[in-house]
Amino acid sequence: LAGNLREYALSENYLYTREAFSSYVDALRPGGAVVLLVNDDTLLLRLFTTAWDVLAARGQNAPECLVALASRQESPYDRLLLVGERPFTATALAALAAAVAERGYEPMHLPPGTQGAAGQQQSRPSDAELQPATDDRPFVFNLQAGIPPALALLLTSAAVLLAGAWGALAYTTRARR
């Protein structure tokens with residue numbers, strides 16, 4: 001799954017809700033994983049928190065089932081979240097550690113026991129803006145406070161055009177008198 005923040009800044013999105021993540025995990029075969037590619041650290045952390053909550057509600061040890069990586073060499077989707085339906089095996093952790101080292105990924109969270117996982121995120125983020133969305137309150141891509149820059153430009157342009165139209169109307173009315 002990939003999401004682009006700019007084009008859908010204010011649209012509701014049910015792909016990233018707690019209920020959707022639960023459905024994704026339900027659909028996995030034993031040992032399977034969901035991979036999400038995104039292009040924003042805040043979005044990655046919010047999805048990480050959502051996956052954490054879904055896994056914890058299922059009785060899984062969430063830190064052992066999640067991987068969050070960034071890769072500054074790839075674009076535009078340079079952040080990856082891997083959500084396993086159960087803890088990753090020792091073999092999978094060894095392969096993960098090798099891929100992280102070989103490709104120069106920046107780990108944001110690696111499961112405990114992964115070589116190179118020391119010092120990485122091992123707890124659930126608690127920031128209010130990172131809390132999971134639900135189907136009753138769906139995910140919205142605009143994660144920044146205030147009006148999105150593109151919407152601000154649109155509203156400013158509309159106000160200038162409206163003021164110009166009112167000025168032209170007033171001038172035309174005055175000229176006819």
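**Note on the predicted model**

1. Gly 32 is in contact with Val 83, Gly 84 and Glu 85, leaving aside its neighbours within four places in sequence. The structure discussed here is a predicted model. Gly 32 belongs to the loop that runs between helix 1 and strand 2. Its C-alpha atom is separated by 9.4 Å from that of Phe 88, and the two residues are 56 residues apart along the chain.

2. One of the contacts of Gly 32 is Glu 85, a residue of the loop between strand 4 and helix 3 (90–103). Is Glu 85 buried or exposed? Its relative accessible area is 13%, and the cut-off for buried is under 20%, so Glu 85 counts as buried. Not counting residues up to four places away in sequence, Glu 85 touches Val 25, Leu 28, Arg 29, Pro 30, Gly 31, Gly 32 and Gln 60. Its side chain also makes a polar contact, at 2.9 Å, with the side chain of Arg 86.

3. For the overall layout, the protein has four helices and six strands. Read from the N terminus on, the elements run β-α-β-α-β-β-α-β-β-α. The protein has 177 residues, of which 35% count as buried. Taking contacts between residues at least 6 apart in sequence, 69% join residues at least 24 apart.

4. Next, the sheet. Four strands form an open sheet, in the order 2-4-3-5, and their pairing is antiparallel. Strand 2 (33–38) and strand 5 (106–109) stand at the edges; each has a single partner strand, so one side of each is left without a neighbour in the sheet. From one strand to the next, the twist averages 20 degrees.

5. Strand 2 pairs with strand 4 (residues 79–84) in the antiparallel sense, over six bridges. Which residues of strand 4 are the bridge partners of Ala 33, Val 34 and Leu 37? For Ala 33 the partner is Gly 84, for Val 34 it is Val 83, and for Leu 37 it is Leu 80. Gly 84 and Val 83 are also among the residues that Gly 32 contacts.

6. The side chains of strand 2 alternate along the strand. Val 34, Leu 36 and Val 38 point to one face and are buried. Ala 33, Val 35 and Leu 37 point to the other face and are not buried.

7. Strand 4 has a second antiparallel pairing, with strand 3 (66–70), over five bridges. Within this part of the sheet, Val 67 stands opposite Leu 82 of strand 4. Five of the six residues of strand 4 are buried, so the strand is largely enclosed by the rest of the structure.

8. The loop between strand 3 and strand 4 contains Ser 71. Its relative accessibility is 2%, and Ser 71 therefore counts as buried. Apart from residues up to four places away in sequence, Ser 71 touches Asp 78 and Tyr 105.

9. Helix 2 covers residues 41–57. How does its length compare with what is expected? At 1.5 Å a residue, its 17 residues should span 24 Å, and its end C-alpha atoms are 24 Å apart, which agrees. The N-terminal end of helix 2 is capped by Asp 40, where a side-chain oxygen lies 3.0 Å from the backbone nitrogen of Thr 42. After helix 2 comes Gly 59, with a positive phi near 85 degrees.

10. Why is helix 2 described as largely enclosed by the rest of the structure? The reason is that 12 of its 17 residues are buried. Among them are Leu 43, Leu 44, Leu 47, Phe 48, Trp 52, Val 54 and Leu 55. The buried residues of helix 2 also include Arg 46 and Asp 53.

11. Helix 1 (residues 18–26) packs with helix 2 at an angle of about 65 degrees, and their axes are 9 Å apart. The crossing of the two helices is right-handed. On the helix 1 side, Arg 18, Phe 21 and Ser 22 take part, and they meet Leu 47, Thr 50, Ala 51, Asp 53 and Val 54 in helix 2. These five residues of helix 2 are listed among its buried residues.

Key. Residues numbered from 1 in each chain as written. Predicted model: local features only at pLDDT ≥ 70, side-chain atom pairs only at ≥ 80, totals over all residues. Heavy atoms only, no water. Expected span 1.5 Å × (residues − 1). Buried < 20%, exposed > 50% of the residue type's maximum accessible area, 1.4 Å probe, protein only. Polar contact = N/O pair within 3.5 Å; in protein donor to acceptor, adjacent residues only side chain to side chain. Pairing = 2+ DSSP bridges. Axes fitted to C-alpha atoms, helices over the stretch in contact; angles between N-to-C directions. Contact = heavy atoms within 4.5 Å. Left-handed = near helix turned anticlockwise from the far one by under 90°.
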